[in-house]
Amino acid sequence: MPSGDTEVIHVSVSSWEYGCCGEVPRVGGVLRARVSAFPAEEGETFAAPPVLEWDRELEVVRFGVVSARWTGEFGDPEGRAVRLVASWHDEGPVAPDVVADIVEVYRESVLYRLSDGAWRPIGGTAEHTRVPVMERFSESGAFDQPGDGPVRQVCGVVLGLRVRSCAEASAAVVAEYRDRRERDARTVHLTGPAPTFGPLIPGRGERLTIDLSDPRISLSGRAIPRPGVVSGEVGQVSVVSDSGRSWTTLGDIAPGTPADTVDAPLFVALILEPDDLHHPL
């Protein structure tokens, strides 16, 4: 969706994006990123233009010169204040790809307070300062605020953009992403002695039925299986080394290897049948 429009669109970028990799934002630079939309807080300084169209199937909202990803969890975006966020790390291939000239750079400073072991933003503390370039990790360290405990300043950036081009993902790409996300939600990670997974080491794509009540098997991952015997499709299969330390190393193992010849524990990613989830999707 190319545009010759000169309208300036504002997007936020977290400091870790350009702190990790990529060029620091500067006036006269070019942004190449994926853009997503989120509900804006009341009084948002850099809200997006009014939403012109919401495409539920493609999970995008359109503003004329630019589109952005909008997930259904936020409800209907029309008539609501929206904030745009740019990233070159997140949202995979489903958020629209945007190429734009950077014409404005604002340093965005927000105070965070340490509460219950987590840093939480303090409402009403956002400040914006126009700068020619945003340096990496310019925020301050933690400092004490009398009576309120530790406080720290976290800085990101808001960019004013003139959009050169905006490319939305195809319906096929979005459908593939949804399928992958649904499969991820059904995936449980199992670790245990190799023989608990059958007489032969299973391979990717094979069917596996296993009794999760076996005390030798440990579970992790997003999915919560129902107790007892479950079935599913095998994803990753690896042998575990360095188990019990601060890290775990996973190694390759050939499918069909006799399980009783494998001394190391086995890691198996199992994509459960929907009926085998504790809370079916």
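This section describes aromatic pairs, charges over rings, pockets and a cavity in a predicted model.

A search of the whole structure finds three aromatic pairs. In one of them, the ring centres of Phe46 and Tyr106 are 4.9 Å apart and the ring planes meet at 45°, so this pair is tilted, neither under the 30 degrees of a stacked arrangement nor over the 60 degrees of an edge-to-face one. Phe46 belongs to the loop between strand S2 (30-39) and strand S3 (53-55), whereas Tyr106 belongs to strand S7 (residues 97-115), and the pair therefore ties together parts that are 60 residues apart in sequence. Phe46 and Tyr106 are both buried. Elsewhere, one aromatic cluster is formed by Phe38, Trp70 and Phe74.

Aromatic rings also take part in arrangements with charged side chains. Arg56 is placed over the face of Trp54, at 4.0 Å from the ring centre, and Arg152 is placed over the face of Trp119, at 5.7 Å from the ring centre.

The loop between S2 and S3, which holds Phe46, also contains Glu44. Glu44 has a relative accessibility of 19% and therefore counts as buried, the cut-off being under 20%. The side chain of Glu44 is joined to that of Arg83 by a polar contact of 2.9 Å.

Arg83 appears again in the description of the largest pocket, which holds about 820 Å³ of space. This pocket is lined by 36 residues, and those closest to its centre are Glu41, Arg83, Glu108, Val110 and Tyr112. Two or more lining residues are contributed by each of strand S1 (9-13), helix H1 (15-20), S2, strand S6 (82-87), S7 and strand S11 (149-167). When the lining of the largest pocket is divided by class, 15 residues are nonpolar, twelve are polar and nine are charged.

The second largest pocket contains about 210 Å³ of space. Its lining comprises 13 residues, and Glu23, Val30, Leu31, Arg32 and Trp88 are the ones that lie nearest the centre of this pocket. Strand S2, which also gives two or more residues to the lining of the largest pocket, supplies the largest share of the lining of the second largest pocket, with three residues. By class, the lining of the second largest pocket consists of eight nonpolar, two polar and three charged residues.

In addition to these pockets, a search of the whole structure finds one cavity of 30 Å³ or more, and the volume of the largest cavity is about 30 Å³. The largest cavity is lined by Ile9, Val11, Val35, Val66, Leu84, Val98, Leu161 and Val163, and the elements that give two or more residues to this lining are S1 and S11. The lining of the largest cavity divides into eight nonpolar residues, with no polar and no charged residues. Both S1 and S11 are also among the elements that give two or more residues to the lining of the largest pocket.

A further buried position is found in strand S13 (residues 207-211), which includes Ile210. With a relative accessible area of 3%, Ile210 falls under the 20% cut-off and is therefore buried. Ile210 and Gly156 are 54 residues apart along the chain, and a distance of 47 Å separates their C-alpha atoms.

Technical notes: Residues numbered from 1 in each chain as written. Predicted model: local features only at pLDDT ≥ 70, side-chain atom pairs only at ≥ 80, totals over all residues. Heavy atoms only, no water. Phe/Tyr/Trp six-rings, centres within 6.5 Å; stacked < 30°, edge-to-face > 60°. Helix = DSSP H or I, 4+ residues; strand = E, 2+ residues; numbered from the N terminus. Buried < 20%, exposed > 50% of the residue type's maximum accessible area, 1.4 Å probe, protein only. Lys NZ or Arg CZ within 6 Å of the ring centre and 35° of its normal. Polar contact = N/O pair within 3.5 Å; in protein donor to acceptor, adjacent residues only side chain to side chain. 1 Å grid on protein atoms, 1.4 Å probe; cavity = no way out; pocket = protein on both sides within 12 Å on 5 of 7 lines; lining within 4 Å. Points joined across faces, edges and corners; volume = space filled by probe spheres on them. Nonpolar A, V, L, I, M, F, W, Y, C, P; charged D, E, K, R; others polar.
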